[in-house]
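This report covers a protein chain with a bound ligand. The sequence and the structure come first, and the text then goes through the domains, the ligand site and some backbone details.

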Amino acid sequence: MQRCFQLAAMGKGKVAPNPLVGAVLVYQQRVIGEGYHRCYGGPHAEVHCIDSVTETDKCLIPESTLYVSLEPCNHFGKTPPCTDKILKHGIPRVVISVTDPFEAVNGSAIRRLREAGVEVITGVLESEGRRLVEAFYTFHTRQRPFIVLKWAQTADGFMGSGTRVRLKISDALTDLLVHRWRSELAGIAVGTETALADDPLLTNRRWPGKSPVRILLDRQLRVPSNQKIFQEASPLLVMNSLRSGASQNISHVKIDDWDSVDGLLESWYHMGIQSVLIEGGQKILISFMRSGKWDELRVIVNTQMKTGAGLKAPDVPDALPEKIQTLNGEEIRYYRNLNNT
Ligand SMILES: NC(=O)c1ccc[n+]([C@@H]2O[C@H](COP(=O)([O-])OP(=O)(O)OC[C@H]3O[C@@H](n4cnc5c(N)ncnc54)[C@H](OP(=O)(O)O)[C@@H]3O)[C@@H](O)[C@H]2O)c1
């Protein structure tokens, strides 16, 4: 199963909104096939895995065990059901980490395989398996995107200058990491003041892969059209309280509920946006933290830099970071929201 997870991770940034999945076929302790879901709309992991078996080993398939990190699909989507392929090849035993929460699957593949006489074992390394598909899982079980909050702060806890002058905190290496995150998440959002002060493009320019859908949270439409965010050709959603409508790559989306982040989350859910990186500023980050509707927090701390004054970074959760990564004198502190809703 660990090998399934390794394989699955190779699809990062390429398969969304489909989940990352890896599969391994084993005959008497020997791996005879491997596969993973490589790109959105392409064959599933189980198909690549079974098809990778050599001509000589094909006769062993009906005596082999298929390990797969997520319950196989049981419906016609962009590809035929994987359960058909498993049954057609007479695989007698399937070991699954996580059941698929997607309503068209949701345990039905397990039932179908069992009814056909296949031995099915579930829940193997389940928490690790769940972690791999957490955006997909959160989206389907909580009916909202997986929310990652991110900011950079100085050693003395400031995230901005406090004026419209940009305070650059992270260095080029950390920026590369941030662009990688952009390639892995479906959307990226900033607030009005951040758009005005930092004039960001919000694209992924430094890491291979796609750019996320760019989202500007601009209730009163205060950000002028000559800001860079409007000059860039990739899709932009402007969440606001005044109007809806689309022109070329820019869509204005009017929402009425601005008392909490629920209106935003509901709207993104209906647009099928499975994960969003919230890049600030302070007010937006605090509104998500207060709501409890966030899943991961990534705080970049420049341990060499102190400003003594400026815009205070939000308070981090009481719990210790789950992981700390060090890059060129900067620390990236990863927290998880254990009380997310
Ligand atoms: N260090 C970092 O990682 C980092 C990252 C981003 C930004 N920054 C810095 O942060 C500063 C901007 O932060 P900020 O706190 O002043 O502003 P902000 O969070 O970027 O924007 C706040 C404004 O966005 C609008 N808004 C829309 N939806 C909102 C919601 N759900 N909750 C709250 N506000 C919402 C409100 O404007 P209306 O009242 O007009 O509706 C609000 O005043 C800049 O200096 C920027 O450089 C730093």
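How many residues of domain 1 are in contact with domain 2, and how many of domain 2 with domain 1? The model is a predicted one. In it, eight residues of domain 1 are in contact with 12 residues of domain 2. The domain assignment of the protein chain places domain 1 at 2–138 and domain 2 at 144–336. Taken over C-alpha atoms, the centres of domain 1 and domain 2 are separated by 34 Å.

The size of an interface is often given as the accessible area lost when the parts come together. Between domain 1 and domain 2, about 870 Å² is buried, with 47% of it on carbon and sulfur atoms. On the domain 1 side, 48% of the area buried against domain 2 is supplied by Arg 131, Ala 135 and Thr 138, more than by any other three residues.

**Ligand site**

The ligand is surrounded by 23 residues, and the closest are Ala 152, Met 159, Thr 194, Asp 198 and Arg 219. By class, the shell around the ligand divides into nine nonpolar, eight polar and six charged residues. At least two residues of this shell come from each of strand 6 (146–154), helix 8 (192–198) and helix 11 (282–291). Helix 8 gives the largest share, five residues.

Oxygen atoms of the ligand have N or O atoms of the protein as partners in the following pairs.

| Residue | Part of the residue with the N or O atom | Distance to an oxygen atom of the ligand |
|---|---|---|
| Thr 192 | side chain | 3.3 Å |
| Gln 282 | backbone | 3.1 Å |
| Ile 284 | backbone | 3.2 Å |

Taken alone, the ligand exposes 930 Å², and the protein buries 87% of that area.

Gln 282, whose backbone appears in the table, is found in helix 11. The side chain of Gln 282 reaches the backbone oxygen of Lys 312 at 3.0 Å. Leaving out residues up to four places away in sequence, Gln 282 touches Met 159, Leu 311, Lys 312 and Pro 314. Of these, Met 159 is also among the residues closest to the ligand.

**Backbone details**

Most residues other than glycine have a negative phi, and most peptide bonds are trans. Where does the chain depart from this? One cis peptide bond joins Gly 280 and Gly 281, with omega about 5°. Gly 281 lies in the loop between strand 13 (275–278) and helix 11, and helix 11 is one of the elements that supply residues to the shell around the ligand.

Another cis peptide bond joins Ala 16 and Pro 17, where omega is about 10°. Pro 17 sits in the loop between helix 1 (2–9) and strand 1 (22–27). On the other side of strand 1, the loop between strand 1 and strand 2 (30–36) holds Gln 29. Phi of Gln 29 is near 70°, a positive value in a residue other than glycine.

Terms used: Residues are numbered from 1 along each chain as its sequence is written. This is a predicted model: local features need pLDDT of at least 70, side-chain atom pairs count only at pLDDT 80 or more; totals for chains, interfaces and linings use all residues. Side-chain values use heavy atoms; hydrogens and water are left out. A residue is near a molecule or strand if one of its heavy atoms lies within 4 Å of it. A polar contact is a pair of N or O atoms within 3.5 Å; within protein, one must be able to donate a hydrogen and the other to accept it, and residues adjacent in sequence count only if both atoms are side-chain atoms. Accessible areas come from the Shrake-Rupley method with a 1.4 Å probe; for residues, only the protein chains shown count as cover. Helices (H or I, at least four residues) and strands (E, at least two) are DSSP runs, numbered from the N terminus. Ala, Val, Leu, Ile, Met, Phe, Trp, Tyr, Cys and Pro count as nonpolar, Asp, Glu, Lys and Arg as charged, and the others, Gly among them, as polar. Domain bounds come from an automatic or database domain assignment. Contact means heavy atoms within 4.5 Å. Buried area is the accessible area (1.4 Å probe) that two parts lose on being put together, summed over both.
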